[in-house]
Amino acid sequence: MDFLDIRIEKTERAIKNAFMELRAQKPLEKIRVKELCDLACINKSTFYAHYQDIYALATAMEDELVEAVVASLPRLTASDVSERTEWLTRELFRAFVRNQEAVNIVFADSRQGLFINRVEGMLCRCIAEKDPSFESDVVRKVVLSFCVQGCYYTFTSYCGQMDEKRLVSLLASIARAAQKIRM
């Protein structure tokens with residue numbers, strides 16, 4: 001890695017850290033490039049050399065976070081969706097817990113509903129790459145959607161109202177029951 005690469009990496013990190021700090025305080029629509037640049041100790045031209053605007057930065061941060069969540073899951077297969085839903089639910093819940101703080105900041109306010117749909121979409125693509133039959137298997141796609149969406153909704157709604165181990169066990173039981181339903 002040469003000096004220029006280190007500078008670019010350092011600038012990227014400063015921009016992203018400043019974004020996270022501002023995003024934790026206010027909606028995306030209220031963040032201005034100038035205040036981000038002041039906080040990151042960079043010029044506006046430097047920001048624009050990296051991103052088109054605040055929304056491009058937000059999208060890049062969202063993409064990175066979705067990729068991190070999906071990458072933190074074990075390699076999923078189509079058979080995991082249909083045969084190991086209890087395990088899948090546990091792994092999803094753990095991934096949400098590991099990334100909760102960043103998700104709450106990056107996907108706050110008007111962006112809140114985007115996160116889980118993007119996670120589900122990426123999981124579908126990853127599984128279909130390994131097993132193209134998954135793409136046309138509506139039953140397994142519905143089970144995956146139920147696990148992903150249901151687990152996330154339950155996580156955001158009830159995590160803290162119930163012991164985490166008990167909550168994961170309950171989700172796994174529901175997923176196991178859903179797995180047995182065949183169309």
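Here are a few questions and answers about E91, its helix and the largest pocket in this predicted model.

Reader: Happy to start small: in which helix does E91 lie?

Author: Let's place the residue first. Helix 6 has 14 residues and reaches 20 Å from its first C-alpha to its last, close to the 20 Å expected. E91 lies within residues 85-98, and that stretch is helix 6.

Reader: Is E91 buried or exposed?

Author: The cut-off helps here, since buried means under 20% relative accessible area. E91 has a relative accessible area of 13%, so this residue counts as buried. The list for helix 6, with L88, L92 and F96 among its members, also gives E91 as buried.

Reader: With which side chain does the side chain of E91 make a polar contact?

Author: Good one to look at on screen. Leaving aside neighbours within four places in sequence, E91 is in contact with L73 and P74. The polar contact, at 3.0 Å, joins the side chain of E91 to the side chain of R94.

Reader: Moving to the largest pocket, which element gives the largest share of its lining?

Author: This pocket has a volume of about 160 Å³. Two elements give two or more residues to its lining: helix 9 (138-158) and helix 10 (164-180). The largest share is six residues, and it comes from helix 9.

Reader: How many charged residues does the lining of the largest pocket have?

Author: The pocket is lined by 13 residues, and those nearest its centre include G150, C151 and L171. By class, the lining has 10 nonpolar and three polar residues, while the number of charged residues is none.

Conventions: Residues numbered from 1 in each chain as written. Predicted model: local features only at pLDDT ≥ 70, side-chain atom pairs only at ≥ 80, totals over all residues. Heavy atoms only, no water. Helix = DSSP H or I, 4+ residues; strand = E, 2+ residues; numbered from the N terminus. Buried < 20%, exposed > 50% of the residue type's maximum accessible area, 1.4 Å probe, protein only. Polar contact = N/O pair within 3.5 Å; in protein donor to acceptor, adjacent residues only side chain to side chain. Contact = heavy atoms within 4.5 Å. Expected span 1.5 Å × (residues − 1). 1 Å grid on protein atoms, 1.4 Å probe; cavity = no way out; pocket = protein on both sides within 12 Å on 5 of 7 lines; lining within 4 Å. Points joined across faces, edges and corners; volume = space filled by probe spheres on them. Nonpolar A, V, L, I, M, F, W, Y, C, P; charged D, E, K, R; others polar.
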